[in-house]
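This report describes selected features of one protein model. The sequence and the structure are shown first, and the account then proceeds region by region.

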Amino acid sequence: MRNYDLEFLKRFSLVIGFLALLTLGLIIASVFLHRALPAEVDPSAAKRTQNRIAPAGAVYAGSTGAAAQAAAAAAAAAQAASQVAYGGTLDGSVIYQNLCSGCHTSGAGGAPTLAAAQWTARIAQGTETLYLHAIEGYTGSAGVMPAKGGNPALTAEQVEATVDWMVANLQ
């Protein structure tokens with residue numbers, strides 16, 4: 001072997017020896033650190049972590065989703081029922097004076113006034129049709145009747161009572 005080859009082998013052996021000692025030192029340090037860490041997590045810390053990473057909402061699918069939607073619809077219906085217009089009165093004159101008279105007194109938007117001649121064709125269609133047009137709304141050639149007179153808080157019974165009052169009070 002040549003002289004420079006022996007020199008390379010000495011230096012290479014020193015580097016390999018240094019790397020082996022470094023690896024052995026890192027292994028010993030990791031074993032020491034591993035023993036220094038707590039073996040078990042504190043239950044209160046685990047609970048805090050669980051609360052922190054808990055989902056903000058839930059996904060409803062299948063029958064669970066249908067039940068949640070039904071519950072939400074029932075809650076909305078109960079909320080709407082608690083806000084019935086005009087205190088839930090079934091006095092047609094009160095509702096007419098407060099809501100319907102704006103259009104049905106002046107004939108605004110093609111609304112028929114309380115003149116009997118303007119109601120003849122409408123009454124001929126039947127009271128169920130009058131109720132339906134008043135509750136759901138109606139767009140005809142003469143004008144537009146908004147659903148529930150434009151007040152969605154009215155119940156169907158209130159609208160029917162008002163229609164009955166208007167038909168009874170035609171002049």
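## Ala39 and the loop after H1

In this predicted model, Ala39 is exposed, because its relative accessible area of 89% lies over the 50% cut-off. Ala39 belongs to the loop that joins H1 to helix H2 (43-53). Between the C-alpha atoms of Ala39 and Ala58 the distance is 34 Å, for a separation of 19 residues in sequence.

## Gly17 in helix H1

Gly17 lies within helix H1, which comprises residues 3-36. With a relative accessibility of 30%, Gly17 counts as partly exposed. The C-alpha atoms of Gly17 and Glu136 are 92 Å apart, and 119 residues separate the two in sequence.

## Helix H4 and its kink

Helix H4 covers residues 92-104, and its end C-alpha atoms are only 14 Å apart, whereas a straight helix of 13 residues would span 18 Å at 1.5 Å a residue. Helix H4 also has a kink of about 55°, centred on Asn98.

The buried residues of H4 are Gly92, Ile95, Tyr96, Cys100, Ser101 and His104. Among the elements covering these buried residues are helix H5 (116-124), E2 and H7. As background to such a pattern, an α-helix has 3.6 residues a turn, so residues three or four places apart point the same way.

## The largest pocket

How much space lies in the largest pocket? The volume is about 670 Å³. The lining of this largest pocket is made up of 33 residues, and those closest to the centre are His104, Pro112, Trp119, Arg122 and Met145. Two or more lining residues come from each of H4, H5, helix H6 (127-136), E2 and H7.

H4 provides the largest share of the lining, with six residues. His104 thus appears in two descriptions: as one of the buried residues of H4 and as one of the residues closest to the centre of the largest pocket. Sorted by class, the lining holds 20 nonpolar, eleven polar and two charged residues.

## The loop between E2 and H7

Lys148 is situated in the loop between E2 and H7. The phi angle of Lys148 is near 55°, a positive value in a residue other than glycine. Is Lys148 buried, partly exposed or exposed? At 22% relative accessibility, Lys148 counts as partly exposed, because values under 20% are needed for a residue to be buried.

Thr155 is also placed in this loop, which runs between strand E2 (144-145) and helix H7 (156-168). Thr155 is partly exposed, with a relative accessible area of 24%. Although Thr155 and Ala85 are 70 residues apart in sequence, their C-alpha atoms are 7.8 Å apart in space.

## Gln158 in helix H7

Gln158 is located in helix H7. With a relative accessible area of 0%, Gln158 is buried. Which residues are in contact with Gln158, leaving aside its neighbours within four places in sequence? They are Val84, Ala85, Gly88, Thr89, Leu90, Ile95 and Ala153.

Two of these contacts link Gln158 to residues already described. Ile95, in contact with Gln158, is one of the buried residues of H4, and H7 is among the elements that cover those buried residues. Ala85, also in contact with Gln158, is the residue whose C-alpha atom is 7.8 Å from that of Thr155.

Conventions: Residues numbered from 1 in each chain as written. Predicted model: local features only at pLDDT ≥ 70, side-chain atom pairs only at ≥ 80, totals over all residues. Heavy atoms only, no water. Helix = DSSP H or I, 4+ residues; strand = E, 2+ residues; numbered from the N terminus. Buried < 20%, exposed > 50% of the residue type's maximum accessible area, 1.4 Å probe, protein only. Contact = heavy atoms within 4.5 Å. Expected span 1.5 Å × (residues − 1). Bend = angle between axes of the 7 residues up to and from the residue. 1 Å grid on protein atoms, 1.4 Å probe; cavity = no way out; pocket = protein on both sides within 12 Å on 5 of 7 lines; lining within 4 Å. Points joined across faces, edges and corners; volume = space filled by probe spheres on them. Nonpolar A, V, L, I, M, F, W, Y, C, P; charged D, E, K, R; others polar.
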